[in-house]
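Work through the following exercises with the chain in view, and set each step beside the coordinates before reading on.

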Amino acid sequence: MPANKEAYIRYRIIDSALRNKQKPFPNLAELADKCEEILGKTFSESTIQKDIYAMRFDEGLGFEAPIEYSKAHKGYLYTDDNYSISKIPLKEDDLMAIEFAAGILKQFNGTGILGRFEEAIGKIMETVNISRAAGESNFNKIIQVEDHPTGMDQSLLELFTSAIIHHQVVQFDYHSFTSGKKSQKTLHPYLLREYRNRWYVIGWSAGDKALRTFGLERMLKTEIVKEKFHLEKSFDPENYFKHSFGITVDKMIPETIELKFSGHDALYVKTQALHATQKIVRETSDELIISLYVIPSPELRMAIRSYGSEVEVIKPQWLRDEMIAGLEKSLQNYRKK
């Protein structure tokens, strides 16, 4: 670590310690210990004393820090309670928000283009840790985010991100879950979208002459090809999935779907909407009826089935009939066994 960078980190550590109201008036030994704790190496008291002098008088730094030594308390303090060497001092709520966001980002470390942010994430956490230095923080022990294992080649995120930015055409072999067959696709990619821990790319399919969605985990032999990029003017990334429940759009038309929930699931659906268009139609102590204005996609049907006996399709009638037929078929399959 370069000496000037290391010195700057020490300044931040000292700054944080002097602003810590829980442990006021730190002495040189305590400040040296804090620097050792964060930087992982030993520093002499004379080094810390020189740092304090630099913070006070070094014109190159421009801190002009109002640091004084209190003989009564045998330690250092800021004579201005509002002072900080940080241009934008972080409040406790800000620190917690940064820690939470960085914790989510850390799950993507080492994965393609997102892996490039490891250093940035590290710097953010380093700053937060310095700000936390004077007070012990166990934030990582009380907040955990879910890991999302996937069979996808993580480098595909980088490849498609770059292709979208630079208007490059991508060719790949694709394994369709629907047909079970493999085929070569040529795609002009416009948008990456994550749904239920899977990544999808949306773009103009040269073979289909239409907008199509492809799952990244089903791709093989992916490469950039030198072809003129086709930009579909009708594609609006802000609204393309507005009425989509999941990843399916195609040419399907959104409909008003009414669902009736009972039991505990009614509370879950009320507090965490199934879709941005969700509205409460009727609510009693026993049940909740909601409406959604969405495309009746396979993902919607799957979500409805996941609630089992706690959900009932009210309308449209064709979807209600379809769900009933599916349940009857499932009962027949169980009885056969």
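**Exercise 1.** State how many helices and strands the protein chain has, and describe its burial and its contacts.

*Solution.* In this predicted model, the secondary structure of the protein chain amounts to 10 helices and 11 strands. Turning next to burial, 37% of the 337 residues in the protein chain are buried, while the accessible surface of the chain comes to about 21100 Å², with 51% of that area belonging to carbon and sulfur atoms. As for contacts, among those in the protein chain with a separation of 6 or more, 59% are between residues 24 or more positions apart.

**Exercise 2.** Identify the residues that form the negative surface patch, and determine which helix gives the largest share.

*Solution.* The patch is formed by Glu-30, Asp-33, Glu-36 and Glu-45. Helix α2, which spans residues 28–39, supplies the largest share of the patch, namely three residues. Glu-45, for its part, is found in helix α3, covering residues 45–57.

**Exercise 3.** Classify Glu-45 and His-264 as buried, partly exposed or exposed.

*Solution.* The relative accessible area of Glu-45 is 42%, and because partly exposed residues lie between the limits of 20% and 50%, Glu-45 is assigned to the partly exposed class. His-264, which lies in helix α8 (residues 264–271), has a relative accessibility of 60% and therefore counts as exposed, since that class begins over 50%.

**Exercise 4.** Find what distance separates the C-alpha atoms of His-264 and Glu-287.

*Solution.* Along the chain, His-264 and Glu-287 are 23 residues apart; in space, their C-alpha atoms are separated by 9.4 Å.

Methods:
Residues numbered from 1 in each chain as written. Predicted model: local features only at pLDDT ≥ 70, side-chain atom pairs only at ≥ 80, totals over all residues. Heavy atoms only, no water. Patch = residues over 30% accessible without salt bridge, like charges linked within 9 Å, V, L, I, M, F, W, Y side chains within 5 Å. Areas by Shrake-Rupley, 256 points an atom, 1.4 Å probe, with all protein chains shown as cover. Salt bridge = Lys/Arg side-chain N within 4 Å of Asp/Glu carboxyl O. Lys, Arg positive; Asp, Glu negative; His and termini not counted. Charge placed at Lys NZ, Arg CZ, Asp CG, Glu CD. Helix = DSSP H or I, 4+ residues; strand = E, 2+ residues; numbered from the N terminus. Buried < 20%, exposed > 50% of the residue type's maximum accessible area, 1.4 Å probe, protein only. Contact = heavy atoms within 4.5 Å.
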